[in-house]
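The exercises that follow ask you to read a protein structure step by step, with a worked solution after each task. Please keep the sequence and the structure in view as you go.

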Amino acid sequence: MLEPLNEGLLSRISDVLLCGWTCQHCCQRCYESSCCQSSEDEVEILGPFPAQTPPWLMASRSNDKDGDSVHTASDVPLTPRTNSPDGRRSSSDTSKSTYSLTRRISSLDSRRPSSPLIDIKPVEFGVLSAKKEPIQPSVLRRTYTPDDYFRKFEPRLYSLDSNLDDVDSLTDEEIMSKYQLGMLHFSTQYDLLHNHLTVRVIEARDLPPPISHDGSRQDMAHSNPYVKICLLPDQKNSKQTGVKRKTQKPVFEERYTFEIPFLEAQRRTLLLTVVDFDKFSRHCVIGKVAVPLCEVDLVKGGHWWKALIPSSQNEVELGELLLSLNYLPSAGRLNVDIIRAKQLLQTDVSQGSDPFVKIQLVHGLKLVKTKKTSFLRGTIDPFYNESFSFKVPQEELENASLVFTVFGHNMKSSNDFIGRIVIGQYSSGPSESNHWRRMLNTHRTAVEQWHSLRSRAECDRVSPASLEVT
């Protein structure tokens, strides 16, 4: 009695184990389920096969039917399958089913096409000897002609400022010995009661001798220095000291105030630029000192000796001019208002400048009319507020040009040229062209705009109208 019981228990355990391969719904009383009574041919082979049966698998199925009969006759003797009275399979059926499943899977793997073999050569890193050829493909590089080479040359990378990255780490003595541009004495203090910053320019010493770029300078032994003061990034509202004649140790003792809130002042940088005045040539920059105001105690104040460092700006700006243009089509009149100028180039050593503005109307390449403002004595920030009117018919407006030239009045000799701009058909720059275009689009409305003055050579190079005037 015990032997049949043990045999039935083993059959139940094997049925439960094999059911995981053939059925997914036998969680309860699996040994009584009819799905566990499947024959050998009904066993489902699970595997990562594609949705459509490939040709090699269809061929393997036909071969398996023939192979099964051969292997069964030769290797495994056929025995009739007898079911137990309660519908369970015997242990011999279980072993036979397991053997057949294993043999099918192995036969399918043997018939599966193998992956192609790829011969990958190892990539070598490091320095290649002269005899060994590189494994990696060589990179095709463009061969540059001499023109391409110099086109990619950037002069700003080789300017003096490119070598100033380590200036903060140098002492004033080291900067002085390296550049030999002299030293500047100045002080700062902020007035909390009146909300303004006071900058005092005291003196300078050991300034280098002057440099003449065009050979027009007469005195090459002495400089005529002055100092320009501004709070970066605002360079338009700058101040300027008087010119000290023929000295390398100028004493200025001048004070200037900037109306600026305290918190805003701490975000600015004080820039002091020492310039050499030259009446017959462009003024040359000797050196500069830049002090971030966040690093000093503005309320307590203080004074410093600072060594001058080179500046990328070798020449100073010529100044700015505020103009207003208005055209009346019905009357055929072009109205011009000269409002003011600021930070004009100083032309007189002792009195600053006596500036005035000359306005010349050019039609095509022919000078038609010339007018000028009055001159204001001893100032580089003149206020004019003078109006002029030119008769220009509407059909001739597109061929008209206005040449504005700022001079310094000189009673003893010819007037000193300060700067020039051209507005109209032959404009001297994008700013001037934009002002003229805005006036044409808004007739009977005054259009104001600031313009930076240009040199005579620059205007003559880009504007034919500048060549027609004096």
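## Exercise 1: Charged pairs

Glu264 is partly exposed, its relative accessible area being 24%. The model in which this residue sits is a predicted one.

**Task.** Find the partner that Glu264 meets in a salt bridge, and decide whether that partner is buried or exposed.

**Solution.** Step one is to look for the partner: the side chain of Glu264 forms a salt bridge with that of Arg267, with 2.8 Å from N to O. Step two is to apply the cut-off, by which a residue counts as exposed when its relative accessible area is over 50%. Arg267 has a relative accessibility of 59%, so Arg267 counts as exposed.

**Task.** Examine the salt bridge between Glu320 and Lys342, and state which elements are tied together by it.

**Solution.** Begin with the distance, which is 3.8 Å from N to O between the side chains of Glu320 and Lys342. Next, place the two residues: Glu320 belongs to strand β9 and Lys342 to strand β10, so this pair ties together parts that lie 22 residues apart in sequence. Finally, consider the accessibility, where buried means under 20%. Glu320, at 10% relative accessibility, counts as buried, and Lys342, with a relative accessible area of 13%, is buried as well.

**Task.** Carry out the steps again for Arg454 and Glu432, whose side chains meet in a salt bridge.

**Solution.** The distance from N to O is 3.1 Å in this pair. Arg454 is found in the loop between β16 (447-452) and α8 (456-462), while Glu432 is in helix α7, so the salt bridge ties together parts 22 residues apart in sequence. Arg454 is buried at 17% relative accessibility, and Glu432 is buried at 1%. To widen the view, note that Glu264, Arg267 and Arg268 are joined into one network by salt bridges that share partners, and that the count of salt bridges in the protein comes to six.

## Exercise 2: An open sheet

**Task.** Work out which strands stand at the edges of the sheet with the order β12-β11-β14-β15.

**Solution.** First, read the order, which describes an open sheet of four strands with antiparallel pairing. Then count partners: β12 (366-372) and β15 each have a single partner strand and stand at the edges, so one side of each has no neighbour in the sheet. Neighbouring strands of this sheet are turned against each other by 20 degrees on average, if direction is ignored.

**Task.** Describe how β11 pairs with β12 and with β14, giving the number of bridges in each case.

**Solution.** On one side, β11 and β12 are antiparallel and pair over six bridges, with Lys358 standing opposite Lys372 of β12. These two strands form a hairpin with two residues between them, where Gly364 takes a positive phi near 70 degrees. On the other side, β11 is joined to β14 by nine bridges, again in the antiparallel sense, and Gln360 stands opposite Val403 of β14. As a last step, look at the cover of β11: eight of its nine residues are buried, and the strand is therefore described as mostly covered.

## Exercise 3: The nonpolar cores

**Task.** Identify the residues with the most contacts inside the largest nonpolar core, and the elements that give two or more residues to this core.

**Solution.** The largest nonpolar core has 34 residues, and those with the most contacts inside it are Leu321, Ile338, Leu402 and Phe404. Two or more residues come from each of β9 (320-328), β10 (333-342), β11 (355-363), β13 (383-391), β14 (400-408), β15 (416-424) and α7 (430-441). Of these elements, α7 lies across β14 and β15, and runs at about 45 degrees to β15. A second core, separate from this one, has 32 residues, among them Ala204, Tyr256, Phe258 and Leu298.

**Task.** Take Leu402 and list some of its contacts, leaving aside neighbours within four places in sequence.

**Solution.** The contacts of Leu402 include Leu325, Leu334, Val336, Ile359, Phe390 and Ile421. To set this in the whole protein, consider contacts between residues at least 6 apart in sequence, of which 65% join residues at least 24 apart. The protein has nine helices and 16 strands, and 39% of its 470 residues are buried.

Note on methods:
Residues are numbered from 1 along each chain as its sequence is written. This is a predicted model: local features need pLDDT of at least 70, side-chain atom pairs count only at pLDDT 80 or more; totals for chains, interfaces and linings use all residues. Side-chain values use heavy atoms; hydrogens and water are left out. Buried means under 20% relative accessible area, exposed over 50%, partly exposed in between (1.4 Å probe, protein chains only). Contact means heavy atoms within 4.5 Å. A nonpolar core is a set of buried Ala, Val, Leu, Ile, Met, Phe, Trp, Tyr and Cys residues joined through side-chain atoms within 4.5 Å. Two strands pair if DSSP finds at least two bridges between them. Axes are lines fitted to C-alpha atoms, for helices over the stretch in contact, and angles run from 0 to 180 degrees between N-to-C directions. A salt bridge is a side-chain nitrogen of Lys or Arg within 4 Å of a carboxyl oxygen of Asp or Glu.
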